[in-house]
Amino acid sequence: MADEIELKPKGSCLGKLVTLVALCGVAGLAVALYFVVRAQDMSDIKRGASGRPARDLREVLKNSVDRGYPLTLSEEEINRYLKQTLLAKQGGVLGEAVTVDGVRVRLEEGRAEIVIERSVMGWPLTLSMFVRVEQTVGMKGATSTSILRDGGPFLPEVPRLAMLVKGGRFGQLVVPQGFLLLVLPSFDKLAKLYAAELELGFQEMSRISIIDGKLELDPRPDAGKGLPGERDVF
């Protein structure tokens, strides 16, 4: 009697492909989580000397609007003001509802990045949102200002990805705009703390330009005449 040999069925190519895709997905998720839990490098953001007092930017902006003169705020001055006022604003307005260790603003050509610093059990974490300003001039010369919560497209040269925009960063990982829904309450609370400054700095200005390291503002009604009739991003 011939010996019976039991043959094990070999896995199909489709099964192996599914397994490979699953493993790649798990590896990709692990890499993404690694960058999420690593705070982004903020050594390039200017904050100035810690002992140097900051100007009251609310008064500076109000004077610019009331007296009608252009104003330039540096990245360093904005961050110094945030550093010196954030703790007082949290304690006086929302108390423990907002647990933020610090806030920094990075000004780049055409956009700003708002970075919230947190810590969990002593481990530093960062969340950030990109912001652009879009202004249009109507038929009667009135300037309309829109604040866009993105930093531009990921790959503008690729048609299918042209509509996919950078929303911000979770740690060191740049994420699409839709992911900001997970952290939007933190930024909304921050905006409420600085509602007066934001109103004066964006809604009361006729022309707003974000350039590398500077925010240029002009409240004069004729300052927006240089804007084209179609949309233009600053």
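**Notebook: helix α5 and the largest pocket**

I began with two helices and found that α2 and α5 pack with their axes 9 Å apart, at an angle of about 30 degrees. The model I am reading is a predicted one. Angles under 35 degrees count as roughly parallel, and α2 and α5 are therefore roughly parallel to each other. I noted the handedness of this crossing as left-handed.

Next I looked up the residues in this contact. From α2 I listed R58, L61, K62 and V65, which meet A196, E197, L200 and G201 of α5. By class, I recorded 4 nonpolar, 1 polar and 3 charged residues in the contact of α2 with α5.

I then turned to α4 and α5. Their axes cross at roughly 80 degrees and come within 4 Å. The range from 65 to 115 degrees counts as roughly perpendicular, so I entered α4 and α5 as roughly perpendicular to each other. Here A191, K192 and L193 of α4 meet A195, E197 and L198 of α5. I classed the residues of the contact between α4 and α5 as 4 nonpolar and 2 charged, with no polar residue. I noted that E197 of α5 is listed in the contact with α2 and also in the contact with α4.

My last entries concern the largest pocket, which holds about 820 Å³ of space. I found 32 residues lining this pocket, and those closest to its centre are V105, I114, Y194, L198 and F202. I listed the elements that give two or more residues to the lining: α2 (57-67), α3 (75-94), β2 (102-108), β3 (111-120), β4 (123-137), α4 (184-193), α5 (195-203) and β9 (214-218). Which element gives the most to the lining? I found that α5 does, with 7 residues. By class, the lining has 26 nonpolar, 2 polar and 4 charged residues.

I closed with a note on L198, which belongs to the α5 side of the contact with α4 and is one of the residues closest to the centre of the largest pocket.

Definitions and conventions. Residues numbered from 1 in each chain as written. Predicted model: local features only at pLDDT ≥ 70, side-chain atom pairs only at ≥ 80, totals over all residues. Heavy atoms only, no water. 1 Å grid on protein atoms, 1.4 Å probe; cavity = no way out; pocket = protein on both sides within 12 Å on 5 of 7 lines; lining within 4 Å. Points joined across faces, edges and corners; volume = space filled by probe spheres on them. Nonpolar A, V, L, I, M, F, W, Y, C, P; charged D, E, K, R; others polar. Axes fitted to C-alpha atoms, helices over the stretch in contact; angles between N-to-C directions. Parallel < 35°, antiparallel > 145°, perpendicular 65-115°, else oblique. Left-handed = near helix turned anticlockwise from the far one by under 90°. Contact = heavy atoms within 4.5 Å.
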